[in-house]
Every structure is written in C-alpha cells, then in structure tokens.
Amino acid sequence: MFEDACWLRARELRTRAEARGRSAPTRANEEIEAAEALEREAHSWSLIYHLLGDGATVERESAGREIEILSATPREEGGARGDFLPPPLRSRVRCASRDEDGDPVTFRLNRMIAWLEANAASALRRAELDGTAYDGRFLRDECDWRTTADAIDASARCDPDGNPLSTSLDPDGPMRTKSALHPSNADAEVRLCKRLWKLVRAGRVQEARDLCSKVGQHWRAASLGGASGWGPAPVGLTADEELERDIRQLLALRDRDALEAQNEVDLNDDACAAECDGVGASHRALWKWTCMVAARHIEKSGKNAGSQAAKYEASVYGALCGDLQTVLAVCEGDWESTAWAYARALFDLRVDAVINTGKALDEVANFEVGHVVRDPTELEDATDEAVERLGEPRWPTRDVINATPKSIEEILLVRMSEAFPEADPHRTVQTHLILGKTKELLLEHMLKWIFPEQELEQNDERASLKPLDPGLTRFVAHALLFLESLLDEGGGLSPGGELYYHLNKVLSLYVVHLIANKRYALVPAYAVHLRHPLLIEVYANFLDLLAPAVISRKTLCYAEASLWMEMDGPGGWREIIARALNDSVSLENVHRGPEYRQLMLQWACVATETYPEAARQACLLLRQLMCQRTSVNVFANDGAVDGELRARAILLEELAEGVQEQATANSAAGSAAELGDWARYLAVTEAISNWRRVWSVNESQRLEVSAQNTRPYPPDTMQEITGDELELANAAVDAALALVHSNNWLDDEALYEPGDMMGEASSASLRVVAIPVIKSFEGEQMTTSWDVEEVARDLETLISSKFAQGAVSVSATRGIERGECPMREEGEHGQIVVQIASDATDGGVASLFQDIALAMADCAKGDLPGQEFTLDIQSVNGSSEALVHTFCRAICIPSLMIQAAQVEAAMRTGSTQIIETTADPKRGVHKYFSATELRWLIELGREIGLTNLAKAH
C-alpha cells in the first residue's frame with residue numbers, strides 16, 4: 001500500500017514538474033527531487049514487504065507446498081496408478097532456495113534478490129505503461145539478420161562506416177570474423193541485448209527466451225536455458241509460477257492413463273528429458289560453465305571490436321551462471337543492480353551446494369570446485385584442445401568462488417560501501433534491514449535524520465521542534481510501526497522493549513508534524529500507538545489547539561478518533577477528554593479567557609458517553625462565571641454581567657438535551673443536581689431582567705410626563721404600579737424568595753460525591769484567579785496599566801489582617817491574552833492569584849468553610865478596608881466542592897437579594913419581604929453580605945419606608 005502510494009505521488013510530482021517546464025524551473029526541480037525521494041522510499045517499502053511482510057509469508061507457504069509435492073506418493077503398479085512427481089531437479093532447486101529452517105542465510109538472500117528483481121520488474125512495467133523510453137517493442141523476426149544477408153546478396157561489402165559486412169551469419173560469425181552487421185540489424189542487436197539484460201535482471205528469464213524466439217533468434221533462446229529450461233534459481237513470483245505449472249501438470253495426469261500421460265510429458269518436457277539419464281544436475285553445471293566461458297569470450301571480443309551489444313550480451317550469460325567478472329561492468333553506477341549481481345552470485349553458489357552435496361553450505365570459503373563434466377561421446381583430441389584453451393569444464397570454478405563475496409555482510413558492508421561510499425538514507429535503511437540491525441538503524445541513523453541535535457540531547461519523549469526532514473519523518477514513523485508488528489517480540493519496539501522510548505519519541509514528533517500541517521484526520525491513527533500517558537497529553541493538546549473549531553468539526557474529529565480508540569480504558573477518549581478539560585481550567589491556562597473554556601466544554605458534548613464529563617466541567621465553568629456576579633459588577637453595568645450571560649449560554653446552548661439524565665445515571669449525580677441549582681438561580685435573574693425591561697420603558701414614560709407638567713403643583717410621584725410591570729415584579733420577588741426559602745441552593749447533600757462532605761475534611765483551601773478592577777460606578781474603565789505585583793502585595797496585607805487564623809498568599813500571574821476577555825481589557829495587564837488556607841479548629845469544618853469563603857468574598861467584592869480594587873473572578877478552585885459552593889453563595893445571594901429588593905422598592909407597594917428574609921436569623925442569609933452590601937440593602941429599605949410614609953399621607 002505505502003509502496004504504491006509513493007509511486008503514485010512521485011508520478012504526480014513528475015507530471016506537474018514537466019507541466020511547469022520553463023515557467024517555474026526552481027519549483028519544478030524541487031518537485032523532481034521530492035519525486036526521487038518518494039521513489040527511493042518506495043523501494044524501502046518493497047524491501048519490508050519481501051523481507052518481513054506478506055512477501056516472506058507467501059514464500060514460506062510456497063516452501064511448504066514444495067515439500068508436499070516432493071513427498072507425493074510414487075507411482076504404483078509399474079507406473080499405471082498413483083500420484084506423480086514433478087521434475088525433481090527443478091523442484092529441488094526451488095526447495096533449496098526456500099529452506100528457511102535448514103539454511104536461513106540462503107533464505108534471506110532469496111528475499112533480498114526477490115526484492116531487487118521485483119523493483120526491476122516494476123520499473124519495466126511502469127516504462128511500458130508510461131510509454132516513455134520503452135525498449136520492449138520488437139517486430140517478429142526483427143533480429144534474424146535478414147537485412148545483412150540481403151545486403152550481401154546484393155554484393156554489398158561494408159556498412160556506411162566502412163566496416164566490412166559479415167559473410168558468416170552463424171551466431172558467432174560477426175564476432176569470429178570481426179566484421180559488422182547491417183546497421184539496422186546492428187541497432188536491433190543492441191536493443192535486443194539491452195532488453196534481455198533488463199529481463200534477466202528482473203528475474204524474467206522465460207520472457208527473455210520468448211523474446212529471442214519472437215525476433216528470430218531461436219538459437220539464443222536455447223542458449224539461455226541450455227535447451228532444457230535451466231536458469232538461475234528462481235525466487236519470488238517466478239518460483240511460484242514454476243510451482244503452479246508443476247502442480248497443474250501433476251493434477252492433469254490424474255485423470256488420464258498414467259503411463260501414457262507420463263510418457264507424453266517426458267517427450268515434451270526438455271527438463272525431464274535432460275534428466276532421463278540421471279545426470280541432470282551435472283548437465284546443468286556444464287551449461288553454467290558454458291555460459292561463463294561464453295560470457296567472458298563475448299566480453300573480451302566485444303572490447304576488441306568495440307561492440308555496443310557485447311557488454312550486455314556478456315552480462316546476460318554472466319548473470320545466468322553467476323559470473324561477477326562479466327556482470328559488474330554493466331551494473332556500474334547502479335546500486336541495486338550491483339547488489340543484485342553480488343547477491344545472485346552468492347545465492348546460486350549456495351543453492352548449487354545443496355543440489356550437489358545435499359546439505360547447506362557453511363562457508364563459501366569451504367566451497368569445493370565442481371567435478372569435471374565430460375561428455376563420453378567427445379573426441380579425445382578435441383577434448384584436450386578445449387581443456388587447454390578453456391580450462392576443465394566444471395562448475396563452479398575456483399576463480400568464480402574466489403570472486404564471490406563470502407556473506408551478506410561482505411556484500412553490503414564491504415563491496416557496496418566501496419562501490420557507493422555516499423549512500424543516501426534509504427540505502428542505509430535497506431542495508432540495516434537486510435542485515436537485521438534494527439537497533440543500530442534507529443539509534444545511529446534514523447533519529448539523527450529527523451531530530452535537531454538539541455532535541456536528541458533532551459531526555460524527553462515530547463517533541464517541541466520541527467522535524468529536520470518531514471519526508472523521512474513520515475517514513476521512519478511508519479517503518480517503526482511496521483517493524484514492531486513484523487519482528488519477533490516487536491524488535492524491542494513493543495511496550496517494555498529497549499527501543500519503545502525512541503518509538504514514542506518519533507511518533508510524538510510525527511503527530512506534532514501532522515497537527516502543524518492540519519492533517520487532523522490522520523492524528524488519531526498515529527497517536528493511538530503512543531504510550532498511554534504521552535497519548536493523553538499529546539491528544540489533549542491537540543484538542544486544545546482545535547478549541548476554536550465549530551462544533552461540527554469537533555464532532556467529525558471525535559468520529560475519526562473513534563475509529564482508532566475506545567471510549568473507556570487506558571488511553572481512551574473519556575480519559576483524553578477529562579485531561580483536556582482539566583487542563584483548560586488549570587492555573588497554567590489562566591491567561592485563556594472564558595470563551596476558550598466554553599469552547600473546550602464542547603469537546604465533552606460531542607458524544608453522549610461523555611455527558612457526565614460535560615456536566616462536571618459545566619459546573620466548574622458556571623461557578624467561575626457566576627462568581628463574577630458580585631453586587632459591584634451587577635450595579636456597575638446597565639445589562640447583565642458578562643459571566644451571567646456566558647453561564648446562561650452554556651446551559652441553553654452548549655449542553656445538549658439529556659446531559660443531566662446521563663450524568664445522573666453515570667456517577668455524576670452531584671453535577672447534575674448542581675446544574676439544576678444554577679438553572680434555578682438563572683431563572684430568577686431572568687425574571688428580574690424581564691421586569692427591568694418593562695420597568696425601564698414605563699419609568700421613561702413616567703419621567704416624560706413629569707417633565708411635561710405645566711401645572712402650578714407637581715404631578716403625583718407616587719403613581720400606583722399596575723399591569724404587566726406589577727405582575728413581572730411580583731414574579732421576580734416571588735422567585736427570589738422561593739430560591740432562598742428552599743434552603744438548599746448549592747447547599748444539599750445531593751450535590752456531593754462521597755468523600756467531599758464537610759465533615760470529612762480536616763483542612764481547607766480556596767484559590768481564585770481574578771482581574772483587579774479599580775472601583776468605579778461612573779462607567780469609566782482604567783485604560784492604563786498598573787503594577788500588578790504591587791496590587792498583589794497590598795491585597796495580601798489586607799486579607800491577612802481580616803483572616804489572621806490561616807495562611808494567605810497573593811501573587812501576580814500572566815494576564816489574559818489580548819482579545820480573549822473582551823469585557824475586561826484590564827486583564828491584559830496581569831492577574832492575581834489569591835489563596836487562603838487553614839486547618840479546622842474547634843469551630844468545626846462548616847465554620848472554617850464559612851470564614852474562608854466570606855473572607856475571599858469580601859476580597860472579590862472590594863470590601864476590605866482600604867481596598868481600591870474589586871476582583872473580576874476568572875477561576876475558582878477549592879479543596880472541597882462544599883467550600884467552593886459556600887463561596888458562590890457568598891457572591892451570588894447578596895447580589896440577587898439586593899436586585900430583588902430594588903424590584904420590591906420599585907413596586908411601591910410597601911412590601912419588605914426581601915429585607916425581612918435577609919434579616920431573618922433563621923435563614924442566615926445576612927451572613928453572606930459584606931458591609932457595603934448591607935448598607936445598600938438598608939438604603940433600599942429606607943426608600944420603601946419613605947414610600948409607605950408618602951402613602952400614609
């Protein structure tokens with residue numbers, strides 16, 4: 001899959017570069033370089049497939065089938081009945097090349113050669129499909145040298161360059177007579193030899209033979225297989241095709257007269273015929289020796305004659321027998337062809353050793369030269385002459401053995417390093433994979449390719465910098481994941497392995513790279529492989545980055561993640577959501593405004609399974625937002641406080657229907673109950689707002705009437721309030737009284753989880769983060785910055801004087817980023833962190849909670865003696881939810897009751913229910929009021945009293 005993707009993308013880049021042409025040469029060159037990098041990567045994926053992946057699995061399965069065929073039942077009753085053996089030599093050659101258990105070195109060479117031949121075959125297919133520089137099209141009988149014969153018949157004596165035409169048109173004629181072919185035949189001969197080399201290099205020897213027959217060179221077709229179908233030991237697809245042919249042949253014989261069918265096969269199968277005398281292996285050795293002699297003779301003669309075709313023709317015969325002397329010349333500058341030549345030579349020697357001796361070869365140095373092969377029909381004098389001229393006919397010869405590398409390590413680390421001293425990264429990858437050196441590859445190369453030096457020196461899995469090479473980073477991440485799944489015991493890359501840390505470091509870098517490039521759909525596919533704590537951290541940061549996204553994008557993000565991760569369990573979506581939500585309200589994120597925290601809440605609302613988390617987070621946010629609803633803020637604004645508006649939006653818009661029900665049913669009943677309490681409170685404030693809108697209109701009309709008065713006496717200032725205004729006022733007052741009379745608003749056991757009750761605490765602490773706001777009721781905002789450090793020091797002194805029994809700390813922290821809190825621009829100058837802590841005393845925990853909450857509330861309201869600033873709460877946290885709820889009541893109840901008292905005063909009915917309820921010691925509401933708030937309430941009570949006096953007169 002990855003190999004095909006690389007080739008497809010490389011082709012797109014090359015097509016685009018070609019289209020750019022001269023208009024953008026720099027960009028075109030960059031795209032060509034990217035295409036070349038992808039092509040090299042494709043070869044690495046091909047190696048993983050053949051060496052460790054499905055290619056190796058198929059090879060092992062085929063080896064098992066080979067054994068089954070060789071173990072087939074012999075003929076019975078003189079050959080008239082029973083199963084049949086396929087050609088034994090051909091099968092033994094394939095088995096020797098696939099015997100992983102008996103000869104793992106040869107099997108690894110098999111996989112290496114299969115990879116190199118598959119790459120060459122793939123290149124031929126692509127050239128054929130693209131139609132560019134394709135040299136595989138030949139006419140029938142195109143290379144039969146008929147044009148040369150016709151020219152000689154026409155009395156031609158030389159070619160256009162003055163070279164004499166060959167009058168001997170046997171296969172060796174032109175070379176033996178050192179004469180030339182007709183130019184058209186000579187060109188076709190060069191094309192043919194180049195094509196034959198490419199086919200043999202790709203392992204397609206049979207296709208090379210077929211091509212020779214097609215173009216009229218049947219003699220060459222016979223020479224490429226010894227007239228018996230011989231060739232190099234097949235690997236990969238070529239070996240599987242041979243096996244399938246043998247199996248089909250065997251099965252076809254079962255339904256026919258056995259003896260007659262076998263005789264027919266023997267007559268038509270050259271390989272079987274060559275073994276009828278029992279000397280097939282020796283004849284194959286003789287054929288290999290002949291190929292070597294022919295290759296060297298052709299190479300030598302071709303150099304002397306300057307023949308272009310000779311180099312390729314010699315390499316073809318040299319490749320068939322494994323003669324490096326004649327093959328390497330045509331491989332110059334080609335890494336894969338050079339590696340193939342070395343590997344093929346060693347591979348064939350090892351296979352021949354099994355065929356000749358019946359056992360695997362331990363050391364190439366121990367390989368003995370082959371026995372002399374003589375045809376008994378040869379004439380004695382001819383044999384002596386041939387021996388003197390060509391040497392004893394044996395295979396392998398001593399010089400071939402000496403020239404062959406002794407091991408895969410020698411091929412890759414010595415021979416290839418000498419020929420290609422500057423190997424690119426993918427050649428390094430391929431070398432280490434073939435040698436099985438995964439650890440060295442990762443630690444000594446891969447990490448240095450993708451990580452900046454300073455990042456490598458840090459003992460941390462988290463990635464903080466950009467990768468040095470994004471393309472290599474992508475490959476390394478994928479390759480390591482594949483190796484973990486393919487290697488025994490994960491190759492040390494599995495959890496607990498020695499390389500697991502480095503795998504996490506690479507994957508973390510790649511995930512960060514994907515996020516930076518907005519490839520969001522791919523993030524969960526790779527993040528899920530991270531170590532669970534790192535996965536939680538990285539993915540929570542990812543959700544933080546996407547906080548501004550619309551809810552539909554977040555829903556899609558969850559859908560993509562659910563394809564790769566579970567909802568529950570280590571590293572599950574629920575754990576990620578919990579971490580992301582906790583981080584959003586942490587002290588480290590106090591510089592993020594309320595809108596950010598509201599956007600983060602949406603992540604918990606995209607799946608019904610995380611509604612309990614949504615309920616808990618919503619409660620945290622509602623506390624923070626509603627604590628902005630101090631009396632000072634309420635009366636300093638014509639409309640609702642910003643926190644109140646956001647809180648109402650969370651309840652009505654962000655939280656989906658069914659959140660409370662899901663929370664109640666899934667261990668978050670306390671949060672569900674608290675949401676209900678906040679909904680009750682906001683219902684009261686909504687009732688007051690409804691009254692205010694009507695009252696504002698009516699009051700404006702009353703003022704207009706008073707201004708237009710021309711009578712000598714003033715109009716009646718005590719007009720009776722009636723109609724909708726009175727009805728809405730009564731509803732607002734009744735709602736406020738109902739909330740207070742319930743005695744359980746944010747003060748009910750149903751709000752708390754086990755272990756969070758007051759009686760179980762021995763100490764308490766409360767911390768708020770807030771924006772200092774200078775006291776002002778004129779609508780003026782402070783536009784200049786102040787020394788937040790000085791504000792913190794002064795405030796710490798004031799609180800300490802009020803709350804002497806505990807520990808008080810006030811410190812400055814970073815301000816809210818510009819634009820994150822549009823209602824409080826002062827927040828950009830800095831914020832303060834106020835914390836009050838104390839141990840329980842004889843007064844009990846409830847008394848301690850009240851003391852801490854009231855001290856903090858007075859601070860927030862700006863009611864400490866000499867305090868010049870009020871606090872606009874941005875975050876509130878405590879050691880106990882009961883303590884936080886006490887603080888919320890100390891903030892929200894006074895502001896609500898004062899508003900309700902305003903409504904009551906504006907009704908002009910003389911009612912004082914709100915003031916009476918506040919003063920009632922049984923209710924205990926008055927304890928939440930600061931001195932300033934009590935003074936405001938008393939003034940409202942005085943106004944009601946004046947109204948009653950006016951009515952009485």
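**Burial and salt bridges in a predicted protein chain**

Half of the chain is tucked away: of its 953 residues, 50% count as buried, where buried means under 20% relative accessible area, exposed means over 50%, and partly exposed covers the range in between (1.4 Å probe, protein chains only). The model is predicted, so local features need pLDDT of at least 70 and side-chain atom pairs count only at pLDDT 80 or more, while totals for chains, interfaces and linings use all residues. Residues are numbered from 1 along each chain as its sequence is written, and side-chain values use heavy atoms, with hydrogens and water left out.

The protein chain contains 41 helices and four strands, taken as DSSP runs numbered from the N terminus (helices: H or I, at least four residues; strands: E, at least two). Its accessible surface comes to about 44500 Å², and carbon and sulfur atoms account for 50% of that area; accessible areas come from the Shrake-Rupley method with a 1.4 Å probe, and for residues only the protein chains shown count as cover. Of the contacts (heavy atoms within 4.5 Å) between residues at least 6 apart in sequence, 72% join residues at least 24 apart.

Attention now turns to charged side chains. Side chains of opposite charge can pair when their charged atoms come close. The structure holds 42 salt bridges, each defined as a side-chain nitrogen of Lys or Arg within 4 Å of a carboxyl oxygen of Asp or Glu. One of them pairs E31 with R16, with 3.7 Å between the closest N and O atoms. E31 sits in helix α2 (residues 25–51) and R16 in helix α1 (residues 2–20), 15 residues apart. E31 is buried, at 2% relative accessibility, whereas R16 is partly exposed at 34%.

A second pair is formed by E100 and R60, whose side chains meet at 2.6 Å, N to O. E100 belongs to the loop between α4 (88–98) and α5 (104–130), and R60 to helix α3 (residues 54–70), so this salt bridge ties together parts that are 40 residues apart in sequence. Both partners count as partly exposed, E100 at 27% relative accessibility and R60 at 38%.

R344 and E117 also form a salt bridge, at 2.6 Å from N to O. Here R344 lies in helix α17 (residues 335–357) and E117 in helix α5, so the pair connects parts that are 227 residues apart in sequence. R344 is buried at 5% relative accessibility, and E117 is likewise buried at 5%. Elsewhere, salt bridges with shared partners join R629, E644, R648, E686 and R693 into one network.
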